[in-house]
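I opened this entry to look up charge pairs, the domain boundary and the cysteines. My notes follow in that order.

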Amino acid sequence: MRIAVVPGDGIGKEVVPATLPALTALSEAFGLGIDYDVFDWGADQWLATGVGLPPGAIDRLARDYRAVFLGALGDPRIPDMAHGRDILLGLRRGLDLYVNYRPIVLEHGVIDLYRENTQGLYAGVGGSISRHGAVTVAIDECVYTREIVEHFVRHCLGRLREQGRRKVTLVHKSNAVPNTGRLWQDVFRRELAAFPELTGSEEYVDSFCYNLVRDPTPYEGILASNLFGDIISDIGAALMGGLGLASSASICPETNFALFEPVHGSAPDIAGKGTANPYAAAMSLALMLDHFGHGAAAGLLRACVTGAAGSEAATPDLGGKGTTQQFMDQVMAQLERELPNRRRVDVDGRPAAAGEL
Ligand code: NAD
Ligand code: IPM
Ligand code: MN
């Protein structure tokens, strides 16, 4: 199983290399056969060659790889983020990764946030008119096709049912943005009829954000269009304890191709210091392992990452003094303690007796 690794920019180039040894160790111990190639798409390449996502990249990824593991894009030398849109939005759109899962993991449980990932205000439809070097008219259209909203809503409701969820909330703004808002409401209500286990509710995005921050406990599943989902995922990260903790998976349900990345960006304010929290990147790898059906490996990785976050290796954003590398050393040490047993159990083909693990 080949994975394309794109560290990207800033702390992406720190957290991605730091977390890869854990993936390799798990792949070997569980016999997953995961292999990866690293691609240096990002700001340096863009500034040197003008190339963001190289021509033919999408076809090659779809043909030779099962997934992408991405760090982050964003560089102060490219203030308009042109390269980031080319690469990141290019991957999401080019590979039809229209389901973006961004779990909000809280003490009371997990809120499953699903964000549509390819259309809406990110559709790339728009333009501007300038006069004497100043923009006088600017248009970014919010575009949704019934086809993508239906596929998205149906897939997410199916996932929520599989996870045993009982409640799902559609977040919208149909009072002020009526056309796409009504399309989403209509599709949501029709699709929900086929899921009697799920109780649906609809909330305006502004009051939803207010309610989520005041008390997240009533929420189980959230469906949101592209920009709303982007904003809600950072609010969710704040509720979790910081952007260093929030992970994500972008999936094409038809091909099963997926991209895994932390929710955070390239964090120029701490890039180069070696103190970025690798938790979100590592947990994105756990989402990758889950996605490909390796739940036991994912669970072990999660346990070790959670353990490191509670140890003296915790990074400054968590109130600790650890570095990115010390955090992952802690993860690897715990993995190494667990994995020999795992190897032996696999080889013997029998469960370990009590006390052996
Ligand atoms: P950001 O997520 O990079 O950083 C916001 C704040 O959170 C900063 O104070 C940062 O230090 C902190 N933070 C983020 N991740 C952290 C981690 N792992 N450990 C510790 N602290 C962490 O958001 P921003 O500053 O608004 O954006 C910086 C650049 O990243 C911009 O160019 C933006 O466009 C880009 N961006 C890219 C992605 C992506 O590639 N998916 C996501 C968001 C932002
Ligand atoms: C994210 C980021 C991206 C987005 C940006 C960098 C284009 O904020 O992945 O959350 O808006 O989707
Ligand atoms: Mn974002």
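**Salt bridges.** I searched the whole structure, a predicted model, and the search returned 20 salt bridges. I looked at two of these pairs by name.

D64 pairs with R63. Their closest N and O atoms are 3.1 Å apart. I then checked how open each partner is. D64 is partly exposed, at 34% relative accessibility. R63 is exposed, at 62%.

My other pick was D112 with R165. Their side chains form a salt bridge with an N to O distance of 3.5 Å.

**Domains.** I noted the division of the protein chain next. Domain 1 is written in two pieces, 1-97 and 252-357. Domain 2 covers 106-241. I took the distance between their C-alpha centres, which is 26 Å.

How many residues of each domain are in contact with the other? I found eight in domain 1 and 11 in domain 2.

For the buried area I got about 760 Å² between domain 1 and domain 2. Carbon and sulfur atoms carry 54% of this area. Which three residues supply the most of the area that domain 1 buries against domain 2? They are R92, R93 and V263, with 53% of that area.

I sorted the domain 1 side of the interface by class. The residues touching domain 2 are four nonpolar and four charged, with no polar ones. I looked for salt bridges across the interface and the rule gave zero. For polar contacts across the interface of domain 1 and domain 2, the rule gave two residue pairs. Both pairs are at pLDDT 80 or more.

**Cysteines.** I counted disulfides last. The count is zero. I followed up with C156, which is in no disulfide. Its nearest cysteine sulfur belongs to C252, 13 Å away. Is C156 buried or exposed? C156 is buried, with a relative accessible area of 0%.

Why does C209 lack a bond to C142? The sulfur of C142 is the closest cysteine sulfur to that of C209, but at 16 Å it is too far for a bond. The cut-off I applied is 2.5 Å between the sulfur atoms. C209 also counts as buried, at 17% relative accessibility.

**Recap.** I have 20 salt bridges in the whole structure, zero of them across the interface of domain 1 and domain 2. I have zero disulfides.

Notes
Residues numbered from 1 in each chain as written. Chains lettered and ligands numbered in written order. Predicted model: local features only at pLDDT ≥ 70, side-chain atom pairs only at ≥ 80, totals over all residues. Heavy atoms only, no water. Buried < 20%, exposed > 50% of the residue type's maximum accessible area, 1.4 Å probe, protein only. Domains from an automatic or database assignment. Contact = heavy atoms within 4.5 Å. Buried area = accessible area lost by both parts, 1.4 Å probe. Salt bridge = Lys/Arg side-chain N within 4 Å of Asp/Glu carboxyl O. Polar contact = N/O pair within 3.5 Å; in protein donor to acceptor, adjacent residues only side chain to side chain. Nonpolar A, V, L, I, M, F, W, Y, C, P; charged D, E, K, R; others polar.
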